[in-house]
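Q: I'd like a close look at one part of this model, with enough of its surroundings to see how it fits in. Start wherever you like and work your way in.

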Amino acid sequence: MVAINSSLPRRQFDAVVVGAGGAGMRCSLQLAQAGLKVAVLSKVFPTRSHTVAAQGGIGASLGNMSEDNWYWHMYDTIKGSDWLGDQDAIEFMCRQAPEAVYELEHFGMPFDRNADGTIYQRPFGGHTANFGEKPVQRACAAADRTGHALLHTLYQRNVAAKTHFFVEWMALDLIRNDAGDVLGVTALEMETGDIYILEAKKTILATGGAGRIWAASTNAFINTGDGLGMAARAGICLQDMEFWQFHPTGVAGAGVLITEGVRGEGGILLNKDGERFMERYAPTLKDLAPRDFVSRSMDQEIKEGRGCGPDGNYVVLKLDHLGADVINKRLPSIREIAIKFGNVDPIKEPIPVVPTIHYQMGGIPANYHGQVVTWENGEEKVVNGLYAIGECAAVSVHGANRLGTNSLLDLVIFGRAAGNHIVDSHPEKQREHQPLAKESVEASLARVNALETRTSGEKVQDVANSIRVSMQQHCGVFRTLKLLNEGVGQIDELAEQVKRISFKDKSKVFNTARVEALEVENMIEVARATIKSAANRTESRGAHALNDHPERDDENWLKHTLWHSSDGRLEYKPVHMKPLTVESFPPKARTF
Ligand SMILES: Cc1cc2nc3c(=O)[nH]c(=O)nc-3n(C[C@H](O)[C@H](O)[C@H](O)COP(=O)(O)OP(=O)(O)OC[C@H]3O[C@@H](n4cnc5c(N)ncnc54)[C@H](O)[C@@H]3O)c2cc1C
């Protein structure tokens, strides 16, 4: 048990970055290179963060394969987001994308090359030339291991820049004073179970997604939404949590991802009759329509009895016509995944696939400098000292549905932007470390201690599994108000169970069990936010497809959802429709 007093070990940094994925390490690099004292915390070794699993590519209008420009990329991103994306942030991202990719190239990232030495680019869902006219090759790729190449490059750069890594350290809670300023985090050294106070002039949340609140997910086991839980407990609202992306091609039964890059290279989806059904749903983009669109079409095929296999519960992804050479050169890991997890060699047979939860569009509300913003009396208000970047943040460039390759881009653009913003505000001159907010630290310790002292209650794994099963059943590709409202009841009940989690035999508690219990306390915040926000949005937009209200309703719902943990309250704020320098793209029908 941890004593509640201020004698806990304390360390001081200019900046503490929670998370060593692409976002966290792009930000820390900017800070360390500027001479700031930076700590990066990660639950796993940095290069095992989920970014390492990204396969298909990073989007930028380099125009290496055919004509392209950032304005088309901006339009595609807004349309992909079903107009819920903030157009200022989207302009900021798409416009800087080519430069950010060249910067990665100069850092040493090993992209695939064209014969003329330029970066190889492949087509991806929803990326088009000339405002939707035809697919364009915009995804800059390193085979089907783009995230691996990106993350290793950033790690090496950070080592050179002398970033301090705290490996296998879990951030527990934000430390916030009465004025609402964030002063750092409490953190658990996972090996020893010791708790530390890490004081920071600036704290950056880069904890990635929370796809593990579903039973079938393409996400790593560590993706439990810790940053979202930390923000929610510290009184910061969560934005647009009803919007979760189902990736069309998870390996049926296993959940492991088959990149959209397979369809980019020419792979096609077939139903049991061997029909290329996407031609019916999206005549122009076909298999390369955005993910929400393809996932719904697949679900429809399966529901209408055209699914494959003995139970008719999946469709297949055919790529044998690409030939062994292309598959081995451009998609080697996909072949390996299909053999290991789907029991098929895609050089000869199609891969069984189903829509699988993949990405959270919502998160901690942030502006395009990465600063966390709350909503007070009809205005956005910056939370002093706190930034959120990467998948845990809602900037919001993805709105109601993210385009493939735009996440890796989001990581480097906003990781760097947050770094620049912090450097420009000279934290060391701005203020010394503020007096520690003792009450905030005590609340965090009390939370850990409660886990240790409870003598009876629920088992961690049982509660975690129930959350996953409930989300899977109630919050799928197609939603109904009945299912969602049932889900709200179940998740509320599970939130009570989370408060009663205890370890039966205290002498046999491993730190891994402690970590899991602390993760479940974060997962439940994400699940509550998600199901409640979804049950309240009575329209269909992007990834939120509600059978009871199948149409998008711009008159009433062109707005961001904000959810507050303390009382489960929902409120709404307008979408930023005005870009930084160009004309706004007004909403229109979304066909492909
Ligand atoms: C299989 C797969 C393939 C993908 N392919 C693509 C693609 O081709 N193109 C694309 O654009 N996007 C892709 N995506 C999405 C994209 O990879 C992710 O959105 C992105 O990598 C998330 O990066 P991040 O830096 O926000 O977080 P992550 O890379 O998930 O890193 C999170 C970090 O936070 C740390 N952390 C979490 N909680 C704590 C805590 N409490 N204390 C300390 N540390 C903590 C973790 O240890 C980790 O270091 C893919 C995603 C998946 C799952």
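A: Let's start with Glu496, which has its place in helix H15 (residues 481–499); helices here are DSSP runs of H or I with at least four residues, strands are runs of E with at least two, and both are numbered from the N terminus. Glu496 is partly exposed, at 37% relative accessible area; that label falls between buried (under 20%) and exposed (over 50%), using a 1.4 Å probe and protein chains only. Its C-alpha atom is separated by 30 Å from that of Tyr387, 109 residues apart along the chain.

A quick word on the ground rules: this is a predicted model, so local features need pLDDT of at least 70 and side-chain atom pairs count only at pLDDT 80 or more, while totals for chains, interfaces and linings use all residues. Residues are numbered from 1 along each chain as its sequence is written, and side-chain values use heavy atoms, leaving out hydrogens and water.

Now to the part I'd zoom in on, the ligand site. There are 40 residues around the ligand, and Ser49, His50, Thr51, Glu391 and Ser407 come nearest; being near takes a heavy atom within 4 Å. For the polar atoms, Glu391 puts a side-chain N or O atom 2.5 Å from a ligand oxygen. Ser42 has a polar side-chain atom 2.8 Å from an oxygen atom of the ligand, whereas for Lys43 a backbone N or O atom lies 3.0 Å from a ligand oxygen. The protein buries 99% of the 1,000 Å² that the ligand exposes when taken alone, with areas from the Shrake-Rupley method and a 1.4 Å probe. Helix H1 (22–33), strand S2 (38–42), strand S7 (169–176), strand S14 (351–360) and helix H11 (406–424) are the elements that give two or more residues to that shell. H11 has the largest share, four residues. By type, the shell holds 16 nonpolar, 20 polar and four charged residues; Ala, Val, Leu, Ile, Met, Phe, Trp, Tyr, Cys and Pro count as nonpolar, Asp, Glu, Lys and Arg as charged, and the others, Gly among them, as polar.

His398 leads on from here. It is found in the loop between strand S18 (393–394) and H11, and it counts as buried because its relative accessibility is 2%. A polar contact of 3.2 Å joins its side chain to that of Tyr359; such a contact is a pair of N or O atoms within 3.5 Å, where within protein one must be able to donate a hydrogen and the other to accept it, and sequence neighbours count only if both atoms are side-chain atoms. Not counting residues up to four places away in sequence, His398 touches Ser81, Tyr359, Met361, Asn406, Ser407 and Asp410, with contact meaning heavy atoms within 4.5 Å. Ser396 is found in the loop between S18 and H11 too, and the peptide bond into it from Val395 is cis, with omega near 0°.

Helix H1 has its own link to look at. Gln30 is found in H1 and is buried at 16% relative accessible area. Its side chain makes a 2.8 Å polar contact with the side chain of Asn420. Arg416, Gly419, Asn420 and Val423 are its contacts once neighbours within four places in sequence are left aside.

Behind all this, what fills the largest nonpolar core? It has 140 residues, of which Leu31, Ile364, Phe414 and Ile467 touch the most other members. Helix H16 (residues 511–536) gives the largest share, twelve residues. Apart from this core lies another of 26 residues, including Val251, Phe277, Ile302 and Leu331. A core here is a set of buried Ala, Val, Leu, Ile, Met, Phe, Trp, Tyr and Cys residues joined through side-chain atoms within 4.5 Å.

One last corner: Gly56 lies in the loop between S2 and strand S3 (58–59) and is buried, at 6% relative accessible area. Its contacts beyond four places in sequence are Arg122, Phe124, Ala141, Ala143, Thr146 and Thr259. The C-alpha atoms of Gly56 and Thr146 are 6.2 Å apart, with their positions 90 residues apart along the chain. Ala143, in the loop between S5 and helix H4 (146–160), has a positive phi near 45° although it isn't glycine.
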